[in-house]
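Hi,

Here is the structure I said I would pass on. Have a look at it first, and then read my notes below.

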Amino acid sequence: MREIVKLGLILLLITSAAAVVLGLSNAATIGTIEAVEAKASEVARKEVLPEAENFKTLEEEKLNEILNGNEKVLEVYAGYKGENIVGYAIKTATPGYGGNVEVITGISTEGKITGIKVVKHQETPGLGANATSAEFQNQYKDMNTSKEITVVKTQPSNENEIQALTGATITSDAVTNGVNIARELFNNKLSK
Amino acid sequence: MSIIKTFKNGLLKENPIFIQLLGMCPTLAVTTTATDGLAMGLATTTVLVSANLVVSLLRKLIPSKIRIPSYIVIIATFVTLIDMFMHAYAIDLYRSLGLFIPLIVVNCLILGRAESFASKNTPVRAISDGLGMGIGFAWALTLLGSVRELLGAGSIFGISVFGEAFKPAIIMILPPGAFLALGILVGIYNWLSKKRAANA
């Protein structure tokens with residue numbers, strides 16, 4: 001009995017020390033982590049909607065209406081130039097090969113895709129992970145939001161077609177699905 | 001054994017990957033590129049050295065009956081620290097290694113060194129063992145990552161080697177490629193060390 005108490009106390013001592021160390025370093029890093037993450041998102045939004053000077057999240061009521069209706073939409077930001085809204089940056093999460101693929105899509109108020117960026121994914125390096133390449137992402141640029149974007153395996157011949165990544169059709173589909181969700185959201189809720 | 005000999009032990013003679021075959025999960029999973037291999041190796045080395053030091057310092061306090069939970073708590077603490085600090089100060093690397101940082105906790109190399117070396121030796125020797133084993137682990141991961149990246153993507157450390165004409169063998173960066181590359185490298189390593197032993 002006495003031994004069990006002693007062993008328990010020693011373990012308690014070790015875990016408490018660990019908890020103190022972790023608590024202190026968490027307090028020391030959490031501010032920086034939040035700042036770094038916020039900055040990374042801000043940079044990504046600027047990349048997909050270069051015209052905007054700053055971004056604000058939508059009004060709560062409108063945002064909640066959008067988010068409740070579609071769990072694949074994560075964030076909706078309006079991009080402003082001066083006082084005017086020039087477009088939207090919409091973050092979506094769609095299932096890919098190794099989990100959700102998070103994509104930010106930039107759409108101008110005229111209904112053109114101004115850029116997309118894959119911001120988070122767990123796709124296979126060398127295959128699906130190539131979705132982050134500029135070559136793939138630039139395909140979406142300047143597409144019209146009025147028509148659904150489709151994935152083809154050969155050189156695209158029609159409007160709003162994307163050439164799939166070699167050996168990574170599922171990833172290409174996931175990114176395209178995300179862009180399509182953003183596109184429909186814009187058409188149905190934001191452009192009006 | 002002298003401190004220097006302890007350090008050298010992990011580099012070649014008892015290399016964690018090629019001889020002891022320890023820590024196979026990160027070895028197989030993250031070595032798709034040379035950069036990821038090196039980064040994983042260095043992160044593991046940091047945890048290994050820190051855990052070895054603390055385990056060695058506490059070796060008289062920790063009774064043998066609860067040594068495993070104690071070691072796991074110590075290792076997990078250091079891994080969480082690395083995770084937080086990398087997230088704050090090296091975001092790109094953090095994104096790239098992602099899930100594999102928390103998995104350092106269950107890398108049996110670290111628990112293995114705590115159990116078989118650090119808990120029986122002085123702090124200085126535990127540090128030198130941790131450094132030796134860690135660097136041995138890191139160079140082996142880097143080599144494995146380089147071979148796979150070279151054959152599977154035609155580049156090393158992200159720099160293209162063969163140019164456009166090269167058609168990469170995509171299988172090498174997929175999971176089967178990890179087993180193929182590891183098996184062949186372990187074979188070559190053992191062949192070389194046998195040859196050296198025969199010559200000596």
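How many residues of chain B are in contact with chain A, and how many of chain A with chain B? Keep in mind that this is a predicted model. On the chain B side there are 24 residues in contact, and they meet 21 residues of chain A. Two elements of chain B, α4 (67-89) and α7, give two or more residues each to the side that touches chain A. The biggest share comes from α4(B), with 10 residues. Sorted by class, that side of chain B has 15 nonpolar residues, eight polar ones and one charged.

Now for the partner of α4(B). Helix α1 of chain A covers residues 2-48, and its axis comes within 8 Å of the axis of α4(B), crossing at roughly 10°. An angle under 35 degrees counts as roughly parallel, so α1(A) and α4(B) are roughly parallel. If you want to find the contact on screen, look on α1(A) for residues including Leu11(A), Ile14(A), Ala18(A), Leu22(A), Thr29(A) and Val36(A). On α4(B), the residues to pick out include Pro69(B), Val73(B), Thr77(B), Leu81(B), Phe85(B) and Ala88(B). By class, this contact of α1(A) with α4(B) has 13 nonpolar and nine polar residues, and no charged ones.

There is also a helix pair inside chain B. Helix α3 (residues 34-57) of chain B packs against helix α7 (residues 123-153) of chain B at an angle of about 165°, and their axes are 8 Å apart. Angles over 145 degrees count as roughly antiparallel, so that is how α3(B) and α7(B) lie to each other. The crossing of α3(B) with α7(B) is right-handed. The residues of that contact are 19 nonpolar, 11 polar and three charged.

Last, chain A by itself. Chain A has four helices and seven strands, and from the N terminus on they run α-β-α-β-β-β-β-α-β-β-α. Its radius of gyration is 22 Å, well over the 16 Å that the globule rule gives for 192 residues, so chain A is more spread out than a compact globule. The C-alpha trace of chain A spans about 80 × 45 × 30 Å along its principal axes. Of the 192 residues in chain A, 33% are buried. As for contacts in chain A between residues at least 6 apart in sequence, 52% join residues at least 24 apart.

Cheers

Note on methods
Residues numbered from 1 in each chain as written. Chains lettered and ligands numbered in written order. Predicted model: local features only at pLDDT ≥ 70, side-chain atom pairs only at ≥ 80, totals over all residues. Axes fitted to C-alpha atoms, helices over the stretch in contact; angles between N-to-C directions. Parallel < 35°, antiparallel > 145°, perpendicular 65-115°, else oblique. Left-handed = near helix turned anticlockwise from the far one by under 90°. Nonpolar A, V, L, I, M, F, W, Y, C, P; charged D, E, K, R; others polar. Contact = placed C-beta atoms within 7 Å. Rg over C-alpha atoms; globule rule 2.2 N^0.38 Å. Buried ≥ 20, exposed ≤ 12 C-beta atoms within 10 Å, placed from the backbone.
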